[in-house]
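Work through the following exercises with the model open beside you, and try each task before reading its solution.

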Amino acid sequence: MSTNPIPPLHLYSVPSDPQPAVEAPPKRERPRTAWTADQLMAADFPEPKWAVPGILAEGVSLLAGPPKVGKSWLSLGLALAVASGGYAFDSLPVDGGPVLYLALEDTPRRLQTRMGKMLGGQAAPAGLTLVTECPPFPQGGSDAIAGWLDRNPDARMVVVDVFAKMRGPAPQGVSAYDADYVAVTYAKRIADHYGIAVVLVHHVRKMASEDFLTEVSGTNGIAGAADATLVLKRARGQADGILHVTGRDVDEAEYALKFQAASGAWHMLDGPVTDHTIGDTRAAILRHVRERPGVRPRDIVAALPDIDADTVRRYCSRMAEAGQLTKDAAGRYYPDTPHSEVSQVSDCPVTPADLLEGTGHPGTPSVRLSDSNPERTAQ
């Protein structure tokens, strides 16, 4: 009987550099799951740990999108940023820590090529562990990931690309909803026990929907079991993608992203999504109205001399009908939606500009994954 000359490179077989013997990490206590009401109110719980402030908190996050939209580039970019203590989306400073990236649809050569492009000559972070094969969660995958986390107690994130490779066969005799819920629960147990962010890269349905949550492939059990859902959708205008985010510890928000082909990095664009998904004329009018609420069309014409008066009046009227602007009885225009500075749920900023302030450690050595201007300031 012949043996396979190429043994599977499972996670538990990842080699490590020889190191002196150290004491085993302390065994983690099982989290408490029951209190009386007065005990619960008196308990002191730490704030959620963020892998990416305002976007990826500890717990299970689904990252879904259509095929070839760039999910793997985005997830690998996040893994590099967190492992190096760099900038997520080339904009948001993050605290560094070990990251486990399960690239279950890639080869080592392809990963090397992608990382070489993204790093652009910078040193690769030693804190990023990449694995191309791992058994499904119910068949040893959970134990393998737990073992890596035990060896890396300061780990901040685990990325599973893709979730379908790890979920394993559905239990017999259960509904499709229950099977999907159980599949995500394997990852959630790991995330909750170790207090880290686990990102499951997933797919969306072919049929688009106004509610991005309903586009996640599978039953509602998948999104229902996850702590947060991120859906990357193709966009138009200046943005190459829109990242829709919602979850238990993060407010519902959307971010305009630009894919930089030269570096393979997703870059977060400043300002609201509408600034980057509408035509240049509407974007210019919207930016001016946001900067000077209560302006009249003649004021906009004076400030934007490249746009004639008839065009400004016509566009302002259409934008008001589309809900992009509001108009009062005196003919003054205002932005339709005020932009809050701080999330009412998570106490984290919810706009890209605000997220640049007060997050991470600017003094930490960092890695940027694009050739954009390193001198970045909040607007």
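The exercises below go from the whole chain to a helix pair, the nonpolar cores and some single residues.

This is a predicted model, in which local features need pLDDT of at least 70 and side-chain atom pairs count only at pLDDT 80 or more, while totals for chains, interfaces and linings use all residues. Residues are numbered from 1 along each chain as its sequence is written, and side-chain values use heavy atoms, with hydrogens and water left out.

**Exercise 1. The whole protein**

Task: State how many helices and strands the protein has, what share of its residues is buried, and what share of its exposed area carbon and sulfur atoms supply.

Solution: Begin with the elements, which are DSSP runs numbered from the N terminus (helices H or I with at least four residues, strands E with at least two); the protein has eleven helices and 15 strands. Next take burial, where buried means under 20% relative accessible area, exposed over 50%, and partly exposed in between, with a 1.4 Å probe and protein chains only; of the 379 residues, 47% count as buried. The protein exposes about 20,100 Å², of which carbon and sulfur atoms supply 52%, with areas from the Shrake-Rupley method and a 1.4 Å probe. Finally, consider contacts, meaning heavy atoms within 4.5 Å: among those with a separation of 6 or more, 65% are between residues 24 or more positions apart.

**Exercise 2. A helix pair**

Task: Describe how the axes of helices α8 and α10 cross, and list the residues that make the contact.

Solution: Two packed helices are described by the angle and the distance between their axes. Here the axes are lines fitted to C-alpha atoms over the stretch in contact, and the angle runs from 0 to 180 degrees between N-to-C directions. The axes of α8 (residues 280-291) and α10 (residues 309-321) come within 10 Å and cross at roughly 80°. The two helices are therefore roughly perpendicular to each other, the term for angles from 65 to 115 degrees. From α8 the contact takes Thr281, Arg282, Ile285 and Leu286, and from α10 it takes Thr311, Val312, Tyr315, Cys316, Arg318 and Met319. By class, these are six nonpolar, two polar and two charged residues, where Ala, Val, Leu, Ile, Met, Phe, Trp, Tyr, Cys and Pro count as nonpolar, Asp, Glu, Lys and Arg as charged, and the others, Gly among them, as polar.

His288 is also found in α8, where it is buried with a relative accessible area of 8%. Leaving out residues up to four places away in sequence, His288 touches Val295, Asp299, Ile300 and Ala303.

**Exercise 3. The nonpolar cores**

Task: Name the residues that touch the most other members of the largest nonpolar core, and the helix that gives the most to this core.

Solution: A nonpolar core is a set of buried Ala, Val, Leu, Ile, Met, Phe, Trp, Tyr and Cys residues joined through side-chain atoms within 4.5 Å. The largest has 45 residues, of which Ile55, Leu56, Phe89 and Met157 touch the most other members. Helix α2 (residues 71-84) gives the most to this core, with eight residues. Apart from this core lies another, of 30 residues, among them Ala146, Phe163, Leu200 and Ala226. Not counting residues up to four places away in sequence, Met157 has contacts that include Leu56, Leu78, Val82, Pro98 and Val199.

**Exercise 4. Backbone exceptions**

Task: Decide whether Lys68 is buried or exposed, do likewise for Asp90, and say which two residues a cis peptide bond joins.

Solution: Most residues other than glycine have a negative phi, and most peptide bonds are trans. Lys68, in the loop between β3 (59-65) and α2, has a positive phi of about 65°, and at 82% relative accessibility it counts as exposed. Asp90, in the loop between β4 (87-88) and β5 (92-93), has a positive phi near 60°, and at 2% relative accessibility it counts as buried. The cis peptide bond joins Asp161 and Val162, with omega about 20°; Val162 lies in the loop between β8 (157-161) and α5 (176-194).

**Exercise 5. Pairs far apart in sequence**

Task: Give the C-alpha separation of Val198 and Val99, and that of Ala265 and Leu76.

Solution: Val198, in strand β9 (residues 197-203), is buried at 4% relative accessibility. The C-alpha atoms of Val198 and Val99 are separated by 9.9 Å, although the residues are 99 apart along the chain. Ala265, in strand β13 (residues 265-268), is buried with a relative accessible area of 3%. Ala265 and Leu76 are 189 residues apart in sequence and 9.2 Å apart in space, C-alpha to C-alpha.

Technical notes: Parallel < 35°, antiparallel > 145°, perpendicular 65-115°, else oblique.
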